[in-house]
Amino acid sequence: MSGYLRTSLRVAGVAAAGAGVAYAGHHYLTTTSFFLTTAHAESLPSDSRAALKKMSWKGFTELKLQSTEQVNHNVKKLTFALPDDESVTGLAPITSLLTRHTPEGAWIPVFRPYTPVSENDAPGTVTFMVKKYPNGKGSGKMHSLKPGDSLLFKPLHEFDYKPNQYSAVTCIAGGSGITPIYQLTRAILNNPEDKTKIALVYANNSEEDILLKQEFDEFAQKYPDRFTRSYVVSTTTPQNEGEYVKGYVNKELLTKVMPHKLNERNVKVLVSGPPPMTASIAGAKGGFGWTQGSLGGVLGELGYTKEEVHKF
Ligand SMILES: Cc1cc2nc3c(=O)[nH]c(=O)nc-3n(C[C@H](O)[C@H](O)[C@H](O)COP(=O)(O)OP(=O)(O)OC[C@H]3O[C@@H](n4cnc5c(N)ncnc54)[C@H](O)[C@@H]3O)c2cc1C
């Protein structure tokens with residue numbers, strides 16, 4: 001059984017317990033980049049590191065919002081306090097946290113996953129970047145929270161990754177679909193034992209919508225042999241055309257920017273973006289977003305197999 005299916009079944013169990021979950025699936029839109037300034041355990045003295053406690057995450061855990069930061073007109077960075085200053089999420093890549101709340105006047109709880117952008121060994125806090133959708137049940141709730149308010153969270157392991165499992169990973173992301181990809185990229189590149197190569201193709205409406213650009217640019221500078229990135233924007237100003245690929249993620253563009261040869265085996269392609277983008281690149285997900293669905297789209301045309309592709 002695939003990791004995704006196991007995850008889906010686990011969530012389906014949660015859904016059943018919650019009597020009809022309103023998890024609408026995998027929606028992403030675009031956001032603006034910001035610089036992440038989260039402390040993490042590597043920067044702590046070794047005796048402080050030894051005191052860190054991995055959270056046990058039994059069922060849904062209530063976390064209190066500590067601070068928010070408006071990133072742009074519709075994206076917020078939200079930092080929640082962990083139970084104490086020594087606690088760390090300890091989440092393995094790629095893991096999101098499933099939020100749960102029941103809107104006022106409703107009886108059906110709403111479940112939505114958000115992927116931490118803070119390090120999994122950051123002591124005392126966990127940080128998300130959340131894009132607000134008009135009338136969005138989950139993102140609206142997140143954006144409405146004030147410091148001191150609480151929300152329920154439960155880990156949702158989205159994709160199993162083991163170091164050196166693949167020779168190369170290509171990530172095709174759109175908008176806020178970048179957060180799971182950022183989690184994996186950082187885990188791979190920060191592990192000197194892991195020789196996996198990563199290529200990122202990140203699509204947005206405009207340059208301003210690109211999230212975590214500074215972080216990805218730094219990865220590219222630090223690990224030029226292991227990490228490459230292409231920023232695809234549908235609109236750009238002429239002076240920036242050298243830095244960005246103008247257009248849409250289609251067959252022609254992917255053939256140009258995907259660095260891993262089709263005859264190279266042991267590759268994985270991760271697709272993480274709005275449902276229409278996922279559908280055109282890899283075929284629509286099945287089961288209202290709960291299953292991988294069949295492989296289609298551009299990757300199907302390029303000869304990739306179902307086993308080589310994972311859709312978030
Ligand atoms: C593994 C995973 C990780 C995720 N991580 C993050 C994250 O870190 N940050 C983040 O911001 N989001 C993330 N998401 C998306 C998040 O879970 C929600 O799907 C998103 O916030 C929208 O939910 P909502 O309840 O606000 O909107 P809904 O109530 O589901 O929808 C509200 C309205 O917006 C429209 N809408 C919803 N999505 C789209 C879309 N993509 N394009 C156009 N219209 C749309 C709907 O049609 C509806 O009219 C992740 C999703 C997955 C699957």
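This section describes an open sheet, the helices packed on it and one loop residue in a predicted model.

The sheet is open and contains 6 strands, arranged in the order E12-E11-E10-E9-E13-E14 with parallel pairing. Its edges are formed by strand E12 (245–246) and strand E14 (309–311); each has a single partner strand, so one side of each is left without a neighbour in the sheet. Strands of a sheet pair through backbone hydrogen bonds, either parallel or antiparallel. Between E10 and E11, which run parallel, there are 7 bridges. Within this pair, Leu200 is placed opposite Arg229 of E11.

Two helices were examined for their placement on the sheet. Helix H4 lies across strand E9 (168–174), E10, E11 and strand E13 (267–272), and its direction makes an angle of about 160 degrees with E10. Helix H7 (residues 275–282) lies across E9, E10, E13 and E14, running at about 140 degrees to E9.

Helix H5 spans residues 213–222, and its buried residues are Lys213, Glu215, Phe216, Asp217, Phe219 and Ala220. An α-helix has 3.6 residues a turn, so residues three or four places apart point the same way. The buried residues of H5 pack against helix H4 (178–189) as well as strand E10 (197–204) and strand E11 (227–233).

The packing of H4 on H5 was then characterised. Two packed helices are described by the angle between their axes and the distance between the axes. For H4 and H5, the angle is about 30 degrees and the axes are 12 Å apart. With angles under 35 degrees counted as roughly parallel, H4 and H5 are therefore roughly parallel to each other. The crossing of H4 past H5 is left-handed. On the H4 side, the contact is made by Ile178, Tyr182, Thr185, Arg186 and Leu189; H5 contributes Glu215, Phe216 and Phe219. These three H5 residues are also listed among the buried residues of the helix.

Thr291 was considered separately. This residue is found in the loop between H7 and helix H8 (297–301). Thr291 has a relative accessibility of 31% and therefore counts as partly exposed, since that class lies between the limits of 20% for buried and 50% for exposed. The side chain of Thr291 reaches the backbone nitrogen of Gly287 at 3.5 Å. Along the chain, Thr291 and Phe312 are 21 residues apart, and their C-alpha atoms are separated by 9.6 Å.

Terms used:
Residues are numbered from 1 along each chain as its sequence is written. This is a predicted model: local features need pLDDT of at least 70, side-chain atom pairs count only at pLDDT 80 or more; totals for chains, interfaces and linings use all residues. Side-chain values use heavy atoms; hydrogens and water are left out. Buried means under 20% relative accessible area, exposed over 50%, partly exposed in between (1.4 Å probe, protein chains only). Helices (H or I, at least four residues) and strands (E, at least two) are DSSP runs, numbered from the N terminus. Contact means heavy atoms within 4.5 Å. Two strands pair if DSSP finds at least two bridges between them. Axes are lines fitted to C-alpha atoms, for helices over the stretch in contact, and angles run from 0 to 180 degrees between N-to-C directions. A polar contact is a pair of N or O atoms within 3.5 Å; within protein, one must be able to donate a hydrogen and the other to accept it, and residues adjacent in sequence count only if both atoms are side-chain atoms. Angles under 35 degrees count as roughly parallel, over 145 as roughly antiparallel, 65 to 115 as roughly perpendicular and the rest as oblique. A crossing is left-handed if the near helix is turned anticlockwise from the far one by less than a right angle, and right-handed if clockwise.
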